[in-house]
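Reader: I would like to learn how to read the features of a model like this one. Could you take me through a few of them?

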Amino acid sequence: MSTIAIIAIENTDKTINSIICSTDGYIEHTGKVLLESYNTKQRLEYLISHGSISILGSEIGKKHNFNTPREGWTWHNDYNIQTATPKNWCRFYYRDRGDELLIDNYKNEDELLNTYNEDSWAEFIYLYKDRKWYVKQNNISTYTTLSEQIDYIKSMDE
C-alpha cells in the first residue's frame, strides 16, 4: 500500500496550493527530497504547476511514458527489456499519463487541515511557508519543521 502525502505551499496572501503525492510520501523519501531539492518558492511553485504526482523525484524531468519502469525497479521481467526512466525524475499524472491537471486550492491553512484531518487517507502533509518546510502526520495535531524530523530519524538510525 502506498504512503500518500499532500505537498502544499502557502502564498503571500495566506492561500494554499497543494498537490497529492501518491507513492513514498513518508519523511525518509518525500520529506527528504522536498527539503533537499524543492527548498525555494520558485522551485516548489514549478513542481506544483505540474499537478499531482505518482512519485516525487529530485528533478522535474521530462515527459515520459507513465508505465515505463524507473531505474532500479527490477521486480517485473518486462522491466529488463524496457528503457528505464531516470530514478530522480518526478512521475506526474497530468504530464506523463494524460490525466486531468489536479492542483487543490484552499483559502488558508485551517481549510487545508480541516480537509486532511485525522481521518484522512493522506498520511503526511508537507507545507512550505515562511521559507521553511513543515510536516504533519495525520494522527498528530501539530506541525514540526521537516529538518527536525529528518534529524530525529537520522539519530534513531545511529
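Author: Gladly! Let us begin with charges and rings: a charge sits over a ring if NZ of Lys or CZ of Arg is within 6 Å of the ring centre and within 35 degrees of the ring normal. Here Arg97 lies over the face of Phe66, 4.6 Å from the ring centre. Likewise, the charged end of Lys129 is placed over the ring of Tyr134, at 5.7 Å from its centre. A word on the source: this is a predicted model, where local features need pLDDT of at least 70, side-chain atom pairs count only at pLDDT 80 or more, and totals for chains, interfaces and linings use all residues. Residues are numbered from 1 along each chain as its sequence is written, and side-chain values use heavy atoms, leaving out hydrogens and water.

Reader: Which aromatic pair does Tyr116 form, and with what geometry?

Author: Rings of Phe, Tyr and Trp (its six-membered ring) pair if their centres lie within 6.5 Å; planes under 30 degrees apart count as stacked, over 60 as edge-to-face and the rest as tilted. The whole structure holds six aromatic pairs. In one of them, Tyr116 meets Trp121 edge-to-face, with 5.6 Å between centres and 85° between the planes. Another edge-to-face pair joins Tyr134 and Tyr143, at 6.4 Å centre to centre and 75° between the planes. Tyr106, Tyr116 and Trp121 make up one aromatic cluster.

Reader: Is Trp121 buried, partly exposed or exposed?

Author: Buried means under 20% relative accessible area, exposed over 50%, and partly exposed in between, using a 1.4 Å probe and protein chains only. Trp121 is partly exposed at 48%, whereas Tyr116 is buried at 5%. Tyr134 and Tyr143 are both buried.

Reader: On which side of helix α2 do its buried residues lie?

Author: Helices (H or I, at least four residues) and strands (E, at least two) are DSSP runs, numbered from the N terminus. In α2, residues 41-49, the buried residues are Leu44, Leu47 and Ile48. They lie on the same side of α2, because they cover an arc of only 95° around the axis; that arc is taken from the directions from the helix axis to the C-beta atoms. An α-helix has 3.6 residues a turn, so residues three or four places apart point the same way.

Reader: What does Phe92 touch?

Author: Contact means heavy atoms within 4.5 Å. Not counting residues up to four places away in sequence, Phe92 touches several residues, including Leu47, Ser52, Phe66 and Arg97. Phe92 belongs to strand β4 (residues 91-92) and is buried, at 0% relative accessible area.
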